[in-house]
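Please look at the sequence and the structure together. The paragraphs below start with the confidence of the model, then turn to strands, the core and single residues.

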Amino acid sequence: MIIGLVTFILGLVVMFPARVAYHWFAPSGVAFSGISGSIWSGRASAANVAGVYLRNIGWRIRPTTLLTGKLGYAIEADGASGFASGVVALGIGGSAELTELTASLPLQTLQQVVGVPGLDGTVSLQFERLELADGIPVAADGNLQVANLRVPLIHRSSLGGFKAEFFTQESGVMASVEDTDAVVDVAGSLSLASDRTYQFIALVAPKQSTPDDLRRQMGFLGTPNERGQHELRLEGQL
């Protein structure tokens, strides 16, 4: 009788429906539809995660992550025009660690997240590790590239391409930022501290391809140095 009871309980755990787990444990800002399968392996037809729309989501549990006290899943999904895959490990208190993260998504899908109207372009991510606490990165090792960036608040046409290399330090997350094929020359650094404060400092300079109206906007950044570079400084708290 005891063996039968244990077998029954194990069966419930192994086959525990994903749709039930979602209704019980889903955090705010996460919405799934078309859920099938179990908490160990399953799929969802669509999801909205903090304003980012995904579809054809699949997951498989990574049992080895349980040894670290976390619940980990290998996840793959399609975007409106792109894809995302990686391993997500969920810890106590809402922390999340992503490893083997690879993604390519249109920036339009991130407008709600970053709060920039009209944002457009394509962002590509490759991160060995990205750790989040309360939705804020506390560790990041990888790179991010943006192609055909368009920010109407700055300029109506494409600004070109940029890349950022992220790495983790004791003080928080750091990144070096530079242009790739942009209409302006950019070289800067980004820091994000554990107290949620951020600082972006860069030197920007016009190129031959820089539109005239953008050149005039750069003049508001102050007097350039001897190399024609203006200092751009952004600071705040997330």
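This is a predicted model. The protein chain has a mean pLDDT of 82, and 82% of its residues reach 70 or more. The start of the chain is another matter: over residues 1-15, pLDDT stays under 50. For this stretch the model has five contacts beyond four places in sequence.

Now follow three strands. Strand β5 covers residues 71-79 and strand β6 covers residues 82-90. These two run antiparallel and are joined by nine bridges. One place to see the pairing is A77, whose bridge partner in β6 is A84. β6 also pairs with strand β7, residues 96-106, again in the antiparallel sense, over seven bridges. Here A89 has E97 in β7 as its bridge partner. In a regular strand, side chains alternate between the two faces of the sheet.

Next comes the interior. The largest nonpolar core has 42 residues. Which of them touch the most other members? They are I57, L107, L149, L159 and F166. Strand β4, residues 52-62, supplies the largest share of this core, with five residues. Leaving aside neighbours within four places in sequence, L107 is in contact with L119, D120, G121, T122, V123, V146 and L149.

Finally, find E131 in strand β8, which spans residues 120-133. The side chain of E131 makes a polar contact with the side chain of R129, at 2.9 Å. Not counting residues up to four places away in sequence, E131 touches A96, E97, I136, P137, V138 and A139. Among these is E97, the β7 bridge partner of A89.

Technical notes:
Residues are numbered from 1 along each chain as its sequence is written. This is a predicted model: local features need pLDDT of at least 70, side-chain atom pairs count only at pLDDT 80 or more; totals for chains, interfaces and linings use all residues. Side-chain values use heavy atoms; hydrogens and water are left out. pLDDT is the predictor's confidence in each residue, from 0 to 100. Contact means heavy atoms within 4.5 Å. Two strands pair if DSSP finds at least two bridges between them. Helices (H or I, at least four residues) and strands (E, at least two) are DSSP runs, numbered from the N terminus. A nonpolar core is a set of buried Ala, Val, Leu, Ile, Met, Phe, Trp, Tyr and Cys residues joined through side-chain atoms within 4.5 Å. Buried means under 20% relative accessible area, exposed over 50%, partly exposed in between (1.4 Å probe, protein chains only). A polar contact is a pair of N or O atoms within 3.5 Å; within protein, one must be able to donate a hydrogen and the other to accept it, and residues adjacent in sequence count only if both atoms are side-chain atoms.
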